[in-house]
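Thanks for taking a look at this one with me. Below are a few numbered notes to help you find your way around.

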Amino acid sequence: MPWDLKPDRPIYPQLIEAIELKICSGVYPPGSKLKSVRDLAQEAAVNPNTMQRALAKLEEDGLIYTHRTSGRFVTEDANMVKQLRNKIAKEEINQLFQKMKILGFEKKEILDLISIMLEESDNK
Amino acid sequence: MTSLLTCRNLTKSFGAKKAIDNISLDIGRGKIVGLLGPNGSGKTTFIKLCNNLLTPTHGELLIGGHRPGVETKKIVSYLPERTYLNDWMKVSQIIDFFKDFYEDFNTEKAYDMLKRFNIDPTDKLKTMSKGTKEKVQLILVMSREAELYLLDEPIGGVDPAARDFILETIISNYNENASIIISTHLISDIEKVLDEVVFIKDGQIVLSKTVDEIRDESGKSVDALFREVFKC
């Protein structure tokens, strides 16, 4: 999964979101060890200090933790990951709603369209 | 924390023209700073002042507490905009040269980076393309365990793939006691790697902020803001 960073938004929150997504999607499974700050910074092609700050925030949120001698790990709390996953999903759907609203769709229409499209993609 | 580089009211005049006009600036340790400005804004003059290749007309400039000179050259690793290496030399000979010159030169690191860039140490400089020469120079400069790296246009002459590689080299060599100042006008390529940016125009600092402050306040990339500030 690439680090898809947009040029017009601050890098720090984008790194947090990218790591959250990697945790929720299982790229970084619960309890797994994270790479070093330098390696992660290199992978994302960002400043190491910015990566460090992002990791510190995730640690503050409890999503990752530091083991004194052996590095940083993803939380083992599956419930926490599940909650985050729901939060991200809701944000995505909210954005979809907003766009549909601009296009003038009613609630019912949105639901119907989603059902039809889900069925279509099942049949493929 | 004391800053690594400090300048106060720094001015450099060439006749009536002020190439650097009353600049005051502090750069701490562990930072990657972009010195950004259009052609002729004073970037290279500033870097030359830091290297004692020019002396200030007014004001003060201190690196690690010293004025530029013998003491600062021990801790400053400088990549000039133009090559000064003898082109009849092999890369391995230049490495030996650097090892003699600088106590902090890490030979192992230099050979390791050459390998990563696929550069043969037995090649002579004059047989190399412009881009490869630039890579060799950057490798030499980054192979020192210096406290301040001054890179004057390090990515100007290389292709985009090599640019990425150079940025990776800069990130992988990062350490929290050292700082890197990169002067360039190719901003979009490097802005993600920078902590702070300093915009300079007509020898004066017009803006000095972190990349995320700029993006947060303006909703634009540093590159986009640069185009706005320096619109011709």
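1. Let's begin with the order of elements in chain A, keeping in mind that this is a predicted model. Reading from the N terminus, chain A follows the pattern α-α-α-β-β-α-α. That gives 5 helices and 2 strands.

2. Next, the overall form. Chain A is more spread out than a compact globule, because its radius of gyration is 18 Å, well over the 14 Å that the globule rule gives for 124 residues. The C-alpha trace of chain A spans about 55 × 35 × 30 Å along its principal axes. Of its 124 residues, 21% count as buried.

3. You may find the domain assignment handy here. Chain A is divided into domain 1 (11-76) and domain 2 (79-123), and the centres of these two domains of chain A, taken over C-alpha atoms, are separated by 28 Å.

4. How many residues do the two domains of chain A bring into contact with each other? Domain 1 of chain A contributes 8 residues, which are in contact with 5 residues of domain 2 of chain A. The domain 1 side comprises 5 nonpolar, 2 polar and 1 charged.

5. A word on sequence separation: among contacts in chain A between residues at least 6 apart in sequence, 57% join residues at least 24 apart.

6. Finally, do look at where the chains meet. Chain B has 19 residues in contact with 15 residues of chain A. On the chain B side, helix 6 (160-172) and helix 8 (211-218) are the elements giving two or more residues. By type, this side of chain B holds 7 nonpolar, 4 polar and 8 charged residues.

Terms used. Residues numbered from 1 in each chain as written. Chains lettered and ligands numbered in written order. Predicted model: local features only at pLDDT ≥ 70, side-chain atom pairs only at ≥ 80, totals over all residues. Contact = placed C-beta atoms within 7 Å. Helix = DSSP H or I, 4+ residues; strand = E, 2+ residues; numbered from the N terminus. Nonpolar A, V, L, I, M, F, W, Y, C, P; charged D, E, K, R; others polar. Rg over C-alpha atoms; globule rule 2.2 N^0.38 Å. Buried ≥ 20, exposed ≤ 12 C-beta atoms within 10 Å, placed from the backbone. Domains from an automatic or database assignment.
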